[in-house]
Amino acid sequence: MQALRHVVCALSGGVDSAVAALLLRRRGYQVTGVFMKNWDSLDEHGVCTADKDCEDAYRVCQILDIPFHQVSYVKEYWNDVFSDFLNEYEKGRTPNPDIVCNKHIKFSCFFHYAVDNLGADAIATGHYARTSLEDEEVFEQKHVKKPEGLFRNRFEVRNAVKLLQAADSFKDQTFFLSQVSQDALRRTIFPLGGLTKEFVKKIAAENRLHHVLQKKESMGMCFIGKRNFEHFLLQYLQPRPGHFISIEDNKVLGTHKVHFTEEGCRPRPRGWFLYTLGQRANIGGLREPWYVVEKDSVKGDVFVAPRTDHPALYRDLLRTSRVHWIAEEPPAALVRDKMMECHFRFRHQMALVPCVLTLNQDGTVWVTAVQAVRALATGQFAVFYKGDECLGSGKILRLGPSAYTLQKGQRRAGMATESPSDSPEDGPGLSPLL
């Protein structure tokens, strides 16, 4: 008689991972639940929120009658996720710690713990995603050491596992899984990949999992919790005051030096690194809204524009770091033609944007969007898709010129080609570019 397949399921204390474990039990697998503690802090009431989540995960295991384990990755999270998060903000970038956490913690630390320490045949999580493997195919996978060099040998990836979008397109979480290794993905089961969120809640309600149903959705960044984000970040980073400057005429509109009001109140103006492109900037003494369009990391100045749809916010070109390709490294079409059409997004749940990738020799890519997109920011991840497949992602390191910059260049070029008789008026007579 064949031994039961052993699946180790990551439990967060929420409804999704609880139902994932339940579904695995229904499939007849030997299931073990594991809670990961990645952050160690107290909330405003002096209660460690991770402890409450751990208790909820333990109750899930009791209800399902499966073994429960707890592991701490506080040190690893600090070194691999939180330190990177702080470094990115200090450089003026907009990081995504959830993508980095999945890469280094859930699909590396936890994966190896489950396989090496608990003897798992596979791992599972409550993510809304799918792969190209059926369960039985997952159990047949063996560890394959990644070869040295910039790209894997193409012969070795003929049977690579693909990461596919979930059936519930709104809840799809492949964006956050776009840096996961092939080795971990081929040993992973996503029980919720074919389900909607509403159906998952229905399953929980019908199976005595009411305590996780009542919890609010987790929105990532476990180290923030309910605290004010700006106040929290300024506990770790030295504030750098600077000016708000109009992108249109370089006029100084105000300062954003850090100033805290009474204890417990929301911090007022803050350091330049706390602003991300596209967000509204509240400038003291000005009633009309202004929006962040650029930042000067040397002087600490924040450039702003007077409209939420200002062309200074729109770009159609970016360059990534070396791309992490999930199945093919890189895709055959991109290697052959040096260019490839696909789609990308840089925020979870945003509409996919048609684009053309251009491959560089160092594994980075230039991404040219078919239409300019709003509020691209360095530090974000450009995640690439071809149909239902998530191809992988790269961190955005450089941005092309904004539509506003290009318009100004075109206007200057036009002025330079005009003869005096064609253009009786100088610059002040020209209508302002918006």
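**Exercise 1. Locate Lys338 in this predicted model and describe its backbone and exposure.**

Step 1. Lys338 sits in the loop that links α10 to β15, the strand of residues 339-345.

Step 2. Its phi is positive, about 65°, although Lys338 is not a glycine.

Step 3. The relative accessible area of Lys338 is 46%. Buried requires under 20% and exposed requires over 50%, so Lys338 is partly exposed.

**Exercise 2. Give the loop, the phi and the exposure class of Gln349.**

Step 1. Gln349 belongs to the loop between β15 and β16, where β16 covers residues 353-359.

Step 2. Gln349, which is not a glycine, has a positive phi of about 75°.

Step 3. With a relative accessibility of 42%, Gln349 is classed as partly exposed.

**Exercise 3. Determine the state of the peptide bond from Glu329 to Pro330 and place Pro330 in the fold.**

Step 1. Omega for the bond from Glu329 to Pro330 is near -15°, and the bond is cis.

Step 2. Pro330 is in the loop between β14 (324-325) and α10 (332-337).

**Exercise 4. Compare the span of helix α1 with its expected value, then decide whether α1 is enclosed or open.**

Step 1. Helix α1 runs over residues 15-26 and has 12 residues.

Step 2. From first C-alpha to last, α1 reaches 16 Å, close to the 16 Å expected at 1.5 Å a residue.

Step 3. Of the 12 residues of α1, 10 are buried, so the helix is largely enclosed by the rest of the structure. Among the buried residues are Val15, Asp16, Ser17 and Leu24.

Step 4. Just after α1 comes Gly28, with a positive phi of about 90°.

**Exercise 5. Describe how α1 packs against α7.**

Step 1. Two packed helices are described by the angle between their axes and by the distance between those axes.

Step 2. For α1 and α7 (residues 197-205), the angle is about 70° and the axes are 10 Å apart. Angles of 65 to 115 degrees count as roughly perpendicular, so α1 is roughly perpendicular to α7.

Step 3. The crossing of α1 past α7 is left-handed.

Step 4. On the α1 side, the contact is made by Val15, Asp16, Val19, Leu22 and Leu23. On the α7 side, Lys197, Val200, Ile203 and Ala204 take part.

Step 5. By class, the residues of the contact of α1 with α7 comprise seven nonpolar, no polar and two charged.

Conventions. Residues numbered from 1 in each chain as written. Predicted model: local features only at pLDDT ≥ 70, side-chain atom pairs only at ≥ 80, totals over all residues. Heavy atoms only, no water. Helix = DSSP H or I, 4+ residues; strand = E, 2+ residues; numbered from the N terminus. Buried < 20%, exposed > 50% of the residue type's maximum accessible area, 1.4 Å probe, protein only. Expected span 1.5 Å × (residues − 1). Axes fitted to C-alpha atoms, helices over the stretch in contact; angles between N-to-C directions. Parallel < 35°, antiparallel > 145°, perpendicular 65-115°, else oblique. Left-handed = near helix turned anticlockwise from the far one by under 90°. Contact = heavy atoms within 4.5 Å. Nonpolar A, V, L, I, M, F, W, Y, C, P; charged D, E, K, R; others polar.
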